[in-house]
Amino acid sequence: MNNQFPIKTLNQLRPVLIGFRKIKGFTQKYVSERLGVTQQTYARLEANPASASIDRLYKVFSILGVEITLSSISPSPFISHTEMRGAFDSTPARREKW
């Protein structure tokens, strides 16, 4: 099975995460044990995966046998480079302090 599920908003993570877990027949308890966390901790992650780190999501998806693929989309020819840069600079990742 080689299906693709594009994630365009963070709200889409939750149903995709739950769906992959259920397709595999895994319980939250099973996934939490594989992660080395409590079932309650995993339940919170599953309820709000947008707040999880990419590292934690990667580990969860690895347990579920899901590959993460990133791809770029072509910007609209009507959006200037300055507008694109301004939109990128306002993302949470760009505001994060390293």
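With which side chain does the side chain of Gln28 make a polar contact? In this predicted model, the partner is the side chain of Glu46, at 2.7 Å. The chain that holds this pair has 6 helices and 0 strands, and read along the sequence it follows the pattern α-α-α-α-α-α.

**The chain as a whole**

- Of the 98 residues of the chain, 22% count as buried, while the chain exposes about 8,000 Å², with carbon and sulfur atoms supplying 56% of that area.
- When contacts between residues at least 6 apart in sequence are considered, 51% of them join residues at least 24 apart.

**Gln28 and its surroundings**

- Gln28 has its place in helix H2, which spans residues 28-35.
- Leaving aside residues up to four places away in sequence, Gln28 touches Arg21, Gln39, Tyr42, Ala43 and Glu46, and the last of these, Glu46, is also the residue whose side chain makes the polar contact with the side chain of Gln28.

**Helix H4 and its two sides**

- Helix H4 covers residues 54-63 and includes Tyr58; within H4, the residues Leu57, Val60, Phe61 and Ile63 are buried.
- These buried residues lie on the same side of H4, because they cover an arc of only 155 degrees around the axis.
- An α-helix has 3.6 residues a turn, so residues three or four places apart point the same way.
- Ile54 and Tyr58, by contrast, are exposed on the other side of H4.
- The cover over the buried residues of H4 includes helix H1 (13-24), H2 and helix H3 (39-47), and H2 is also the helix in which Gln28 has its place.
- After H4 comes Gly65, which has a positive phi, near 75 degrees.

**A nonpolar patch at the surface**

- Tyr58, Ile68 and Leu70 make a nonpolar surface patch of about 360 Å², and Tyr58 is one of the residues exposed on the side of H4 away from its buried residues.

**Gln4, in the segment before H1**

- Gln4 is placed in the segment before H1, and Gln4 counts as exposed because its relative accessibility is 72%, where the cut-off for exposed is over 50%.
- Although Gln4 and Thr69 are 65 residues apart in sequence, their C-alpha atoms are 9.1 Å apart in space.

Notes:
Residues numbered from 1 in each chain as written. Predicted model: local features only at pLDDT ≥ 70, side-chain atom pairs only at ≥ 80, totals over all residues. Heavy atoms only, no water. Helix = DSSP H or I, 4+ residues; strand = E, 2+ residues; numbered from the N terminus. Polar contact = N/O pair within 3.5 Å; in protein donor to acceptor, adjacent residues only side chain to side chain. Contact = heavy atoms within 4.5 Å. Buried < 20%, exposed > 50% of the residue type's maximum accessible area, 1.4 Å probe, protein only. Areas by Shrake-Rupley, 256 points an atom, 1.4 Å probe, with all protein chains shown as cover. Patch = residues over 30% accessible without salt bridge, like charges linked within 9 Å, V, L, I, M, F, W, Y side chains within 5 Å. Salt bridge = Lys/Arg side-chain N within 4 Å of Asp/Glu carboxyl O. Arc of directions from axis to C-beta.
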